[in-house]
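I open a fresh page of my notebook here, to keep a record of what I look up and in what order. The sequence and the structure come first, and my entries follow.

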Amino acid sequence: YSFKGKSGMKNDNSIAISYGIKVFNDFNPELVEMWKEFYNQGANYNLSYDWCKLWFDSFGQGKKLYIITFFEKETARLLKLLILLLDYAKLCDIFWL
């Protein structure tokens, strides 16, 4: 998906931002480096890859996991991360990072 927006410059130049969305149903090894780099930009300890994986391994049984990633296409830099844990007994638990 591509988004073309204004750069905010007075001469009305515009920039193109290309990003991608990918959904994972497990703590895929492909996520590790992207997530750690993203986490190191500043986040609480309980939003690290290792902590989230450990938490899910301990408390996620019976829940369906969706890790939705938004990344910059050119650099593969992770921009945003959404973790959904769907439980049929509850509606869902949502964690934004």
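**Entry 1: strands and their pairing**

Before I look at any strand, I note that two strands pair if DSSP finds at least two bridges between them. Helices (H or I, at least four residues) and strands (E, at least two) are DSSP runs, numbered from the N terminus. I also note that this is a predicted model, in which local features need pLDDT of at least 70 and side-chain atom pairs count only at pLDDT 80 or more, while totals for chains, interfaces and linings use all residues. Residues are numbered from 1 along each chain as its sequence is written, and side-chain values use heavy atoms, with hydrogens and water left out.

I looked up β3 and β4, and I found that they run antiparallel and are joined by 9 bridges. They form a hairpin with 5 residues between them, and in the turn Ala76 has a positive phi of about 60°.

**Entry 2: the whole chain**

I then stepped back to the chain, which has 2 helices and 5 strands. Read from the N terminus on, its elements run β-β-α-α-β-β-β.

For burial I use relative accessible area: buried means under 20%, exposed over 50%, and partly exposed in between, with a 1.4 Å probe and protein chains only. By this rule, buried residues make up 30% of the 97 residues in the chain. The areas come from the Shrake-Rupley method with a 1.4 Å probe, and for residues only the protein chains shown count as cover. The chain exposes about 6,800 Å², of which carbon and sulfur atoms supply 56%.

Contact means heavy atoms within 4.5 Å. Among contacts between residues at least 6 apart in sequence, 42% join residues at least 24 apart.

**Entry 3: the core**

Which residues touch the most other members of the largest nonpolar core? A nonpolar core is a set of buried Ala, Val, Leu, Ile, Met, Phe, Trp, Tyr and Cys residues joined through side-chain atoms within 4.5 Å. This one has 16 residues, and Phe27, Leu31, Trp35, Tyr49, Leu65 and Ile67 touch the most other members. The elements that give two or more residues to this core are α1 (29-39), α2 (49-59), β3 (63-72) and β4 (78-87). The most come from α1, with 5 residues.

I also checked β4 for burial, and 7 of its 10 residues are buried, so the strand is largely enclosed by the rest of the structure.

**Entry 4: Thr69**

I picked Thr69, which lies in strand β3, and asked whether Thr69 is buried or exposed. At 0% relative accessibility, Thr69 counts as buried. Its bridge partner in β4 is Leu81. Leaving aside neighbours within four places in sequence, Thr69 is in contact with several residues, among them Gly20, Phe24, Leu31 and Leu81. I also looked up Trp35, which is 34 residues from Thr69 in sequence and 9.5 Å from Thr69 in space, C-alpha to C-alpha.

**Entry 5: the two sides of α2**

In α2, I found that Tyr49, Cys52 and Phe56 are buried. They cover an arc of only 75° around the axis (the arc of the directions from the helix axis to the C-beta atoms), which puts them on the same side of α2. An α-helix has 3.6 residues a turn, so residues three or four places apart point the same way. The buried residues of α2 pack against α1, β3 and β4, whereas the face turned away from the buried side carries the exposed residues Leu54 and Phe59.

**Entry 6: salt bridges**

How many salt bridges does a search of the whole structure find? It finds 4, where a salt bridge is a side-chain nitrogen of Lys or Arg within 4 Å of a carboxyl oxygen of Asp or Glu.

- Lys36 and Asp50 meet through their side chains at 3.8 Å, N to O. Lys36 lies in helix α1 and Asp50 in helix α2, so the pair ties together parts that are 14 residues apart in sequence. Lys36 is partly exposed at 33%, and Asp50 is partly exposed at 47%.
- Lys53 and Asp57 form a salt bridge whose closest N and O atoms are 2.9 Å apart. Being 4 residues apart in helix α2, Lys53 and Asp57 are separated by about one helical turn.
- Glu72 and Arg77 form a salt bridge with the closest N and O atoms 3.3 Å apart. Glu72 counts as partly exposed at 23%, and Arg77 counts as partly exposed at 35%.
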